[in-house]
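Subject: Structure handover

Hi,

Here is the structure for you to look over. My notes follow below it.

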Amino acid sequence: MLITIDSNSGFCFGVTRAIKASESELQNGALYCLGDIVHNGQEVARLEQMGLQTIDYDDLRTLPSHSRVLLRAHGEPPSTYWIAQQRGIEIIDATCPVVKKLQDRIRACYEQHKNDESLPPQIVIYGKPGHAEVIGLQGQTNNTAIVIENTEQLDLLDFTRPIYLFSQTTKSVEGFQELVNAIQSAISHQPSAVSFEYHDTICRNVANRVAQLQAFARSNDLVIFVGGSKSSNAKVLYQHCLEANPNTLFVSSADELNNLTTKWSNSEAGLRIGICGATSTPLWLMEKVKEEIEKTQ
């Protein structure tokens, strides 16, 4: 068998930055992380063994003063910083710079238009409701932003009022453009035109992975996609991988390979197996999957 790991898979810049920050700060003593630092159970467990303690919002409100809390790459709403300040908690801010810039843009838009009483504007976020990044983005608008995941939810909008559209950084470019076209069409059917501004705030380092991943999937006979069960990005990229190569299998750990060995053990010589993953999948985990497959040869 020829086993190859996709060179374009693995942690994105923002996640890599947050992981390095946690490893560095752990050398200075106890460190908490608000939510899973990355949506990958294997990597979370590795860092917890090093001393990182994952907490939730309820825990944040009860931590002793002077505790140190790391904010992951997804970003947080202003309320999180306020709670930390009131509790005397030290924040280590590992928000991805791309996400931070988007937060600033949304907050500036909100501050500029929040007092437009004649035609109250609508700040709309193309994203997944309840996603950590989206919660942080909504917080920039005092939670007034409307979150839409697809064109089927356009009934949430009032097309007689101005619309300012932004996107979660990890959403699809195609999906964003489809939403833009649908909003423009709906506005064009109104008796009077209203303002519509849209800002493509999708991270291209993530968006470009779809084409790269599909090319990698097509170049192999069998694909093992490694991703966390709680990762939205993993679920989306896996589906794109599956579209390119129906012989794609999803695993969260090397242990899950035990029931899949027949997929390659009975195959002809020269089988090409590709291993890839999400932006939340560590390289060491993909390498471990490769090692486990090699043991069956």
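Helix 4 (residues 78-87) buries Thr80, Ile83 and Ala84. Keep in mind that this is a predicted model. Viewed down the axis of helix 4, the buried residues stay within an arc of 100°, so they line one face of the helix. The general rule helps here: an α-helix has 3.6 residues a turn, so residues three or four places apart point the same way. Trp82 and Gln85 are exposed on the other side of helix 4.

What do the buried residues of helix 4 pack against? Their partners are strand 2 (31-34), helix 3 (57-60), strand 4 (68-71) and strand 5 (90-93). Gly88 comes just after helix 4 and has a positive phi of about 70°.

Next, the cores. The largest nonpolar core has 20 residues. Ile19, Leu31, Ile37, Val38, Leu52 and Leu70 touch the most other members. Helix 1 (13-26), strand 2 and helix 2 (41-49) are the elements that give two or more residues to this core. Helix 1 contributes the most, with 4 residues.

Leu31 is worth selecting in your viewer. Setting aside neighbours within four places in sequence, Leu31 is in contact with Ser22, Glu25, Leu26, Gly51, Leu52, Gln53, Arg68, Val69, Leu70 and Ile92. Another core lies apart from the largest one and has 18 residues, including Leu154, Phe176, Leu179 and Ile187.

Now the aromatics. A search of the whole structure gives 6 pairs. Two are described here.

The first is Tyr126 with Phe176. Their ring centres are 6.2 Å apart and the planes meet at 45°, so the pair is tilted. Tyr126 sits in strand 6 (residues 122-126) and Phe176 in helix 7 (residues 173-188), so the pair ties together parts 50 residues apart in sequence. Tyr126 counts as buried, at 5% relative accessibility. Phe176 is buried too, with a relative accessible area of 2%.

The second is Phe225 with Phe250. Here the ring centres are 5.8 Å apart and the planes are at 25°; that is under 30 degrees, so the pair is stacked. Phe225 belongs to strand 10 (residues 222-226) and Phe250 to strand 11 (residues 248-251), so this pair links parts 25 residues apart in sequence. Is each ring's residue buried or partly exposed? Phe225 is buried, with a relative accessible area of 0%. Phe250 counts as partly exposed, at 28% relative accessibility.

One cluster to finish: Tyr126, Phe176, Phe196 and Tyr198 form a single aromatic cluster.

Best wishes

Conventions
Residues numbered from 1 in each chain as written. Predicted model: local features only at pLDDT ≥ 70, side-chain atom pairs only at ≥ 80, totals over all residues. Heavy atoms only, no water. Phe/Tyr/Trp six-rings, centres within 6.5 Å; stacked < 30°, edge-to-face > 60°. Buried < 20%, exposed > 50% of the residue type's maximum accessible area, 1.4 Å probe, protein only. Arc of directions from axis to C-beta. Contact = heavy atoms within 4.5 Å. Core = buried A, V, L, I, M, F, W, Y, C linked by side-chain atoms within 4.5 Å.
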